[in-house]
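Biologist: I should be grateful for a close look at a single part of this protein. Please describe that part and its surroundings in one connected account.

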Amino acid sequence: MTLNTQKKTALVTGAAQGIGKSIAIQLAKDGYQVAITDLPFQKAKALETVKEIEKFGAESLFIPCDSSKKQEIFDAVDETYKKFGGFDTIVNNAGIATIAPIVETTEEEINKILSINVNGVVFGIQAAAKKFEELGNQPGKIINAASIVSYEAFEMLGIYSATKFAVRGLTQVAAKELASRKITVNCYCPGIVLTPMWDQIDAKMGEYSGAAKGETVKKFIDKIALGRGSEPQDVANLVSFMASEKADYITGQAMVVDGGIMYH
């Protein structure tokens with residue numbers, strides 16, 4: 001019997017830093033070849049991530065890409081396949097947050113966050129499904145970034161919460177539609193992850209409430225059963241499972257990784 005020693009290939013969007021970076025590095029540790037995307041101005045950080053991935057013996061590639069642009073995501077999937085000769089998993093991680101009361105959120109802010117957090121996920125699902133079909137209806141994994149706010153919206157994060165509710169719904173629909181092709185679709189729901197995004201949320205919420213730097217995020221952390229904020233690696237560990245053969249019989253699920261905030 002001849003063993004298949006070809007490494008699997010993953011594409012992780014928005015992986016220059018934060019959760020996406022940790023996911024990309026973890027997948028490399030798991031034996032994946034890993035391509036990452038991010039906006040062009042993040043190139044320096046993205047190339048550092050590529051170097052870290054390569055330390056684990058994995059091949060890697062940075063593809064400048066705006067997830068709100070459909071063609072750019074399709075091109076990124078094609079480039080990943082051309083570079084590595086395979087395509088098995090996409091992690092639609094790219095996302096942004098808008099912090100403002102719902103009554104003050106501008107049309108421009110709404111359109112921008114929807115274009116990245118919702119449209120970007122749809123485009124990633126479409127691009128991956130198309131590539132799996134081109135590869136002879138190959139089974140594959142699609143993993144999307146949701147949030148605990150996809151279960152219960154947070155104040156000051158109204159539109160962000162709405163986009164993550166949407167991601168959870170899209171994940172369920174795609175899982176149902178693609179199951180016959182042996183493509184699984186799931187999403188991960190992080191809690192209070194100590195990344196630059198939460199630094200931004202803490203600062204912006206503090207402007208409205210008058211809270212000093214760090215007080216807002218501390219208020220949220222104090223509600224966590226396990227007594228600490230999440231590190232990006234906590235999320236990467238869950239995605240590692242989702243991308244593995246151990247999760248082959250799981251689809252359409254939104255898995256919470258928050259240390260004990262939401263209970264569903």
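Modeller: The account below concerns helix H2 and the sheet beside which its covering strands lie.

The model is predicted, with local features requiring pLDDT of at least 70 and side-chain atom pairs counting only at pLDDT 80 or more, while totals for chains, interfaces and linings use all residues. Residues are numbered from 1 along each chain as its sequence is written, and side-chain values use heavy atoms, with hydrogens and water left out.

Helices (H or I, at least four residues) and strands (E, at least two) are DSSP runs, numbered from the N terminus. Helix H2 comprises twelve residues, 43-54, and spans 16 Å from its first C-alpha to its last. That is close to the expected 16 Å, the expected span being 1.5 Å times one less than the number of residues. Within H2, Ala46, Thr49, Val50 and Ile53 are buried; buried means under 20% relative accessible area, exposed over 50%, and partly exposed in between (1.4 Å probe, protein chains only). These four cover an arc of only 105° around the axis, and therefore lie on the same side of H2; the arc is that of the directions from the helix axis to the C-beta atoms. Their cover includes helix H1 (18-29), strand E2 (33-38) and strand E3 (60-64), where contact means heavy atoms within 4.5 Å.

E2 and E3 belong to an open sheet of seven strands, ordered E3-E2-E1-E4-E5-E6-E7, with parallel pairing. Two strands pair if DSSP finds at least two bridges between them. E3 and strand E7 (254-257) form the edges, each pairing on one side only. On average, neighbouring strands of the sheet are turned by 20° against each other, direction ignored. Axes are lines fitted to C-alpha atoms, for helices over the stretch in contact, and angles run from 0 to 180 degrees between N-to-C directions.

Five bridges join E2 and E3 in the parallel sense, and Ala35 stands opposite Leu61 in E3. Helix H3 (residues 70-84) also packs on the sheet, where it touches strand E1 (9-12), E2, E3 and strand E4 (89-92). The direction of H3 makes about 155° with that of E3.

Strand E2 also holds Thr37. Thr37 counts as buried because its relative accessibility is 1%. Apart from neighbours within four places in sequence, the contacts of Thr37 include Leu11, Val12, Phe62, Ile63 and Ala76.
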